[in-house]
Amino acid sequence: MAAGVSRSRWGRGPVTTAAAWPLLLEHHAAIGGRTIRGLFAAEPGRATRLSLEAASVHADLSKHRVTEETMRLLVRLAEERGLAERIDAMYSGNRINTTENRSALHVALRMPRGGSLVVDGVAVVSEVHEVLDRMAAFCHRVRADDWTGSTGKPIRAVVNIGIGGSDLGPVMAYRALRHLSRREITFRFVSNVDGTDIVEATLDLDPAETMFIVSSKTFTTQETMTNAQTARSWLVSGLGAGVDISKHFVAVSTNGVAVEEFGIAAEATFGFWEWVGGRYSMDSAIGLSLMLAIGPEAFRDMLSGFHEMDEHLRRTDLDRNLPVLMGLLGVWYRDFFGASSHVVLPYEQYLERFPAYLQQLTMESNGKSVTLDGEPVAVDTGAIWWGEPGTNGQHSFYQLLHQGTSLVPADFIVFANPVHDVGDHHDKLVANVLAQAHVLGFGRTADEVRADGASEDLVAHKVMPGNRPSTTLMLERLTPAALGTLVALYEHVVFTQGVVWGVDSFDQWGVELGKAMAGQVLPALIADDVPDLTHVDPSTAALALRYRSLRGR
């Protein structure tokens, strides 16, 4: 069913050639100066009209600088760019990652058992659940102390070694759901090739009770394999040269030969597929550390949350489709208002790493300057994504959001019920998120400042211009399913924007050259003789020589 397709199959030329584009330009010129205050005054039922329910998420889109006509034109743009067709193609396993000639089938990772999806003659869903079942059986053994280290001690520390999607997803999800974690086991995550990362992660651990999960599709990633070798040396140093490595190392990889050469047993090796992109992989075997922490049942609950949002994307009309509308609003601000960044503000401390996770998901996906047709894009594409949990950010960068000169669209994420119901903490937290969204949207005028009793010399300083757009996402409680729903929501926001801009959201060629160049520079840094640096620029050569001097080489 999933035959390969030519690149021109999906290329539709620059987005500016869509019939809706000049209409949006004209529309922006007409309404761009309208304020959120004015829009609410003109439409008393606006909050209701621009709110919707999607996969257990209540979304308020009313505090955006849009009218009914804006949304109609944006949806028309999505239609003209073939979004519905691309959604169907993704769910059918077509190779929409055209530059790598691959499917982008992460939605298959969370399809329920018994679902049917055949790609190139392979029953994908069946294979996914075979891996999930093997993961579950392994996790049950570790969590029940049936899997022990080489000295017979149970595992009491798990260190996940990966980088990029093999780290950001697992560590984000673990921190989000660690209230469900088995507390007798310590979980740590190592990604940086800076030796400090692996040293600090293992400093107070007992090698006899420690398990390392090495996550690398190719089992050749420089940072990951450097850390894995250091972890192996640490283990041998602590337990002796005769230690059984296979009792302490697990692999998540597709390179069975390299895994075996490292000393990892087949029963502790978990694979995945070429159609699983790194930043879309936390719900595959890459999430093994998370399953070990929260248990297989909770992990499957998370997958059900993913699937619920997947089904919303797949089966909901574009004009009431939450990830589609959020993606289109991002295009609206990026290309018509010139907003260069987007902030995500989770009012939930457990989501402390969620903005960092979204940075890779969004910027590695849509930080592109070439279309599917191989031509330069005609407009600005991916924005810079960033954020911090509330209320910490309120005492940090919110000043710029409220009174700065940059327009920064914001997403507020809030849960009606807390994980820990402590006194009146949660009521105060929610009061803050609602207040911040209100002030961003409505601000405070000079007359209102004066009415509050401010002296005239401070009026200008206390005016809040408002008119800063935001989305508020409210969920019932932070559960595994809720986390899955949120991650899938933003995956599909990214997908929507990529389709509109006409870029491949599933490749990442921009990270390849730097890695290749590092491989060329490294020999010059460690060579015994004076190195040949003719292949690099004079600045890089001088810095390499300075480094050698400071290292005494």
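Two strands pair if DSSP finds at least two bridges between them. The legends below apply this to a predicted model.

**View 1. The β1-β2 hairpin of the predicted model.** Strand β1 (residues 51-54) pairs with strand β2 (residues 57-60) in the antiparallel sense. Four bridges hold the pairing. E53 has H58 of β2 as its bridge partner. A54 stands opposite V57, also in β2. Two residues lie between the strands of this hairpin. A55 takes a positive phi near 50° there.

**View 2. The six-strand sheet.** This open sheet follows the order β1-β2-β13-β12-β10-β11. Its pairing is mixed. Which strands form the edges? They are β1 and β11, each pairing on one side only. Direction ignored, neighbouring strands of the sheet are turned by 20° against each other on average. Helix α16 (residues 425-442) lies across β12 (410-415) and β13 (470-475). The helix runs at about 160° to β12.

**View 3. The five-strand sheet and its helices.** The strand order in this open sheet is β6-β5-β7-β8-β9. Here the pairing is parallel. β6 and β9 (269-270) are the edge strands, and each pairs on one side only. Helix α9 packs on the sheet and touches β5, β6, β7 and β8 (249-252). The direction of α9 makes about 160° with that of β7. Helix α8 (residues 195-202) lies across β6 and β7 (210-215). Its direction is at about 170° to β6.

**View 4. The β5-α7-β6 unit.** Strand β5 (residues 157-161) and strand β6 (residues 186-190) run parallel. Five bridges join them. V158 has F187 of β6 as its bridge partner. N160 stands opposite F189, again in β6. Helix α7 (residues 165-177) completes a β-α-β unit with these two strands. Left-handed or right-handed? The unit is right-handed.

**View 5. T224 in helix α9.** T224 lies in α9 (residues 222-239). Is T224 buried or exposed? The residue has a relative accessible area of 1%. Buried means under 20%, so T224 counts as buried. Not counting residues up to four places away in sequence, T224 touches I161, G162, I163, V214, S215 and S216. L351 is 127 residues from T224 along the chain. The C-alpha atoms of T224 and L351 are separated by 25 Å.

**View 6. The largest nonpolar core.** This core holds 152 residues. Which members touch the most other members? They are L288, L322, F354, I413, L473, L483 and Y490. Helix α19 (residues 480-501) gives the most to this core, with 13 residues. Domain 1 (35-95 + 315-499) and domain 2 (116-297) each supply at least three residues to this core. In soluble globular proteins, nonpolar side chains tend to be buried together.

**View 7. F354 and its contacts.** F354 is in contact with M172, V344, I413, L486, V487 and Y490, leaving aside neighbours within four places in sequence. Another core lies apart from the largest one and has 15 residues. Among them are V343, F412, V430 and V433.

**View 8. Two further buried threonines, T371 and T496.** T371 lies in the loop between α14 (354-366) and β11 (384-387). T371 has a relative accessible area of 8%, which is under 20%, so this loop residue is buried. Leaving aside neighbours within four places in sequence, T371 is in contact with P376, V377, W501 and G502. T496 is found in helix α19. What is the relative accessible area of T496? The value is 0%, and T496 is therefore buried. T496 touches L83, P323, V324, G327 and L328, not counting residues up to four places away in sequence.

**View 9. Domain layout.** The protein chain is divided into domain 1 (35-95 + 315-499), domain 2 (116-297) and domain 3 (512-549). How many Å separate the centres of domain 2 and domain 3? Taken over C-alpha atoms, the separation is 33 Å.

How values were computed:
Residues numbered from 1 in each chain as written. Predicted model: local features only at pLDDT ≥ 70, side-chain atom pairs only at ≥ 80, totals over all residues. Heavy atoms only, no water. Domains from an automatic or database assignment. Right-handed = clockwise from strand over helix to strand, strands pointing away. Core = buried A, V, L, I, M, F, W, Y, C linked by side-chain atoms within 4.5 Å. Buried < 20%, exposed > 50% of the residue type's maximum accessible area, 1.4 Å probe, protein only. Contact = heavy atoms within 4.5 Å. Axes fitted to C-alpha atoms, helices over the stretch in contact; angles between N-to-C directions.
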